[in-house]
Every structure is written in structure tokens, then in C-alpha cells.
Amino acid sequence: MLTESRKVFFYGEVGAGKTTLIKEICKQLALPDEITSPSYPIINQYTWSIDGEHRSLNHIDLYRLNDIEEALSLGIEDLLADDSYCFIEWPALIEPIIGDNLLKIKILHNEDSSRKILFL
Ligand SMILES: Nc1ncnc2c1ncn2[C@@H]1O[C@H](COP(=O)(O)OP(=O)(O)OP(=O)(O)O)[C@@H](O)[C@H]1O
Ligand SMILES: [Mg+2]
């Protein structure tokens with residue numbers, strides 16, 4: 001799924017499982033660190049190498065931001081334009097500045113503890 005775009009927006013309510021899903025995807029990408037939620041730092045950046053290939057990943061949570069200006073001041077536009085993996089929770093704020101080459105995933109929390117994942 002990450003061959004089309006490395007930029008992914010994750011939608012879903014509080015506790016839907018966005019960070020948990022991102023954690024699993026990071027394992028698949030051979031990121032050696034156990035990722036933590038970026039809700040306080042807003043952006044967590046990781047770099048690592050696998051089979052000689054250098055990879056970088058930005059895990060971003062925009063929940064605490066109030067307007068798009070704050071997001072722009074963090075340099076989000078540049079992160080969306082380079083070749084890093086960018087996984088963004090609570091992305092609605094920056095919808096006005098996104099291009100086409102982007103994957104959107106929505107997680108729905110079912111009444112039991114299972115989840116439904118929609119590709120938007
Ligand atoms: N697929 C799943 N099945 C069962 N439990 C899950 C699943 N995904 C997440 N959880 C549990 O739900 C809780 C919230 O998950 P998580 O922190 O990933 O949500 P989130 O969508 O990132 O929330 P937030 O909007 O606050 O960042 C955690 O306790 C996690 O273990
Ligand atoms: Mg989260």
C-alpha cells in the first residue's frame with residue numbers, strides 16, 4: 001500500500017487505533033524503534049537503514065493544533081513534499097494544502113473491540 005505514496009492520513013475518533021496501526025506499519029517497514037504517540041511533541045522523526053537503503057519517517061499528530069498556520073510553521077508542507085514516510089493523525093486541518101498523491105485511511109471502532117479499516 002505504501003508503494004503509491006509514502007504520505008498517509010489516518011482518520012478516526014479518539015482511541016480508534018490510529019497510533020496502534022501506525023506502530024504495526026512501522027514494524028513492517030523495519031523501523032527498529034518502538035514508536036510512541038506524537039500527540040505532545042506533534043512530530044516524531046525517525047531515521048534508519050535497511051539493506052543499505054536510508055529511510056526516514058515523520059509521525060505527526062495534529063490534534064492539539066488550532067489552525068493551519070500552526071501546522072505550516074512546523075514545516076509540514078516540506079515533509080509532505082520530500083521522500084520521507086509521513087503518517088499523520090488528525091489531518092483534517094491540513095486538507096487545504098495537500099496534493100493528490102496521498103493515501104487516506106479511516107479506522108472505525110466497532111461495538112466490540114474490533115476495528116474496521118476503510119481506504120478513502
Ligand atoms: N485493532 C485493535 N484492536 C483492539 N484494540 C485496539 C486496536 N487498535 C487500538 N486498540 C486499543 O485502543 C486504544 C487506543 O488506541 P490508539 O492510541 O492507537 O488510538 P488513536 O486513534 O491513536 O487515538 P488518539 O486519537 O487519542 O491518538 C489502545 O489501548 C489500543 O491498545
Ligand atoms: Mg494516536
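Helices and strands are taken here as DSSP runs, of at least four residues for a helix and at least two for a strand, numbered from the N terminus. On this basis Ile 42 falls in the loop between helix 1 and strand 2, the latter covering residues 43-50. The structure under discussion is a predicted model, and the values reported below were computed from its atoms.

The secondary structure of the chain amounts to three helices and six strands, which follow one another from the N terminus in the order β-α-β-β-α-α-β-β-β. The radius of gyration is 14 Å, close to the 14 Å that the globule rule gives for 120 residues, so the chain is as compact as a globular protein of that length. The C-alpha trace extends over about 45 × 35 × 30 Å along its principal axes. Of the 120 residues in the chain, 40% are buried, and among the contacts between residues at least 6 apart in sequence, 57% join residues at least 24 apart. The chain exposes about 7,000 Å², of which carbon and sulfur atoms supply 48%. With regard to charge, there are 11 positive and 20 negative side chains, and the centres of these two sets are separated by 6 Å.

Helix 1, which comprises residues 18-28, has as its buried residues Lys 18, Thr 19, Ile 22, Ile 25 and Cys 26. These residues cover an arc of only 120° around the axis, which puts them on the same side of helix 1. An α-helix has 3.6 residues a turn, so residues three or four places apart point the same way. The buried residues of helix 1 pack against four strands, namely strand 1 (7-11), strand 3 (53-61), strand 4 (85-89) and strand 5 (103-109), whereas the face turned away from the buried side carries the exposed residues Thr 20 and Gln 28. Helix 1 is followed by Ala 30, for which phi is positive, near 65°.

Two residues of strand 1 were examined individually. Val 8, located in strand 1, is buried, with a relative accessible area of 0%. When neighbours within four places in sequence are left aside, the contacts of Val 8 are Leu 2, Cys 86, Phe 87, Ile 88, Leu 103 and Ile 105. The C-alpha atoms of Val 8 and Lys 27 are separated by 16 Å, these residues being 19 apart along the chain. Tyr 11, likewise assigned to strand 1, has a relative accessible area of 15% and is therefore buried, the cut-off for this class being under 20%. Tyr 11 and Lys 106 are 95 residues apart along the chain, yet their C-alpha atoms are separated by 4.4 Å. Lys 106 also appears among the residues that Tyr 11 touches, not counting those up to four places away in sequence; the others are Lys 18, Pro 91, Ala 92, Glu 95, Lys 104, Ile 105, Ile 107 and Leu 120.

Burial is also found outside the helices and strands. Ile 94, placed in the loop between strand 4 and strand 5, is buried, with a relative accessible area of 0%. Apart from neighbours within four places in sequence, Ile 94 is in contact with Phe 9, Leu 62, Ile 68, Ala 71, Ile 76, Leu 80 and Ile 88. For one of these partners, Ile 76, the separation from Ile 94 is 18 residues in sequence and 8.7 Å in space, C-alpha to C-alpha. By contrast, Leu 108, a residue of strand 5, counts as partly exposed at 31% relative accessibility. Not counting residues up to four places away in sequence, Leu 108 touches Ser 114, Arg 115, Lys 116 and Leu 118; between Leu 108 and Gly 75, which are 33 residues apart in sequence, the C-alpha to C-alpha distance is 29 Å.

Positive phi values were also found at two further loop positions. Ile 42, which is not a glycine, has a positive phi of about 75° and is buried, with a relative accessible area of 8%. Asp 51, in the loop between strand 2 and strand 3, has phi near 50°, again a positive value in a residue other than glycine. With a relative accessible area of 79%, however, Asp 51 is exposed.

Technical notes
Residues numbered from 1 in each chain as written. Chains lettered and ligands numbered in written order. Predicted model: local features only at pLDDT ≥ 70, side-chain atom pairs only at ≥ 80, totals over all residues. Heavy atoms only, no water. Rg over C-alpha atoms; globule rule 2.2 N^0.38 Å. Buried < 20%, exposed > 50% of the residue type's maximum accessible area, 1.4 Å probe, protein only. Contact = heavy atoms within 4.5 Å. Areas by Shrake-Rupley, 256 points an atom, 1.4 Å probe, with all protein chains shown as cover. Lys, Arg positive; Asp, Glu negative; His and termini not counted. Charge placed at Lys NZ, Arg CZ, Asp CG, Glu CD. Arc of directions from axis to C-beta.
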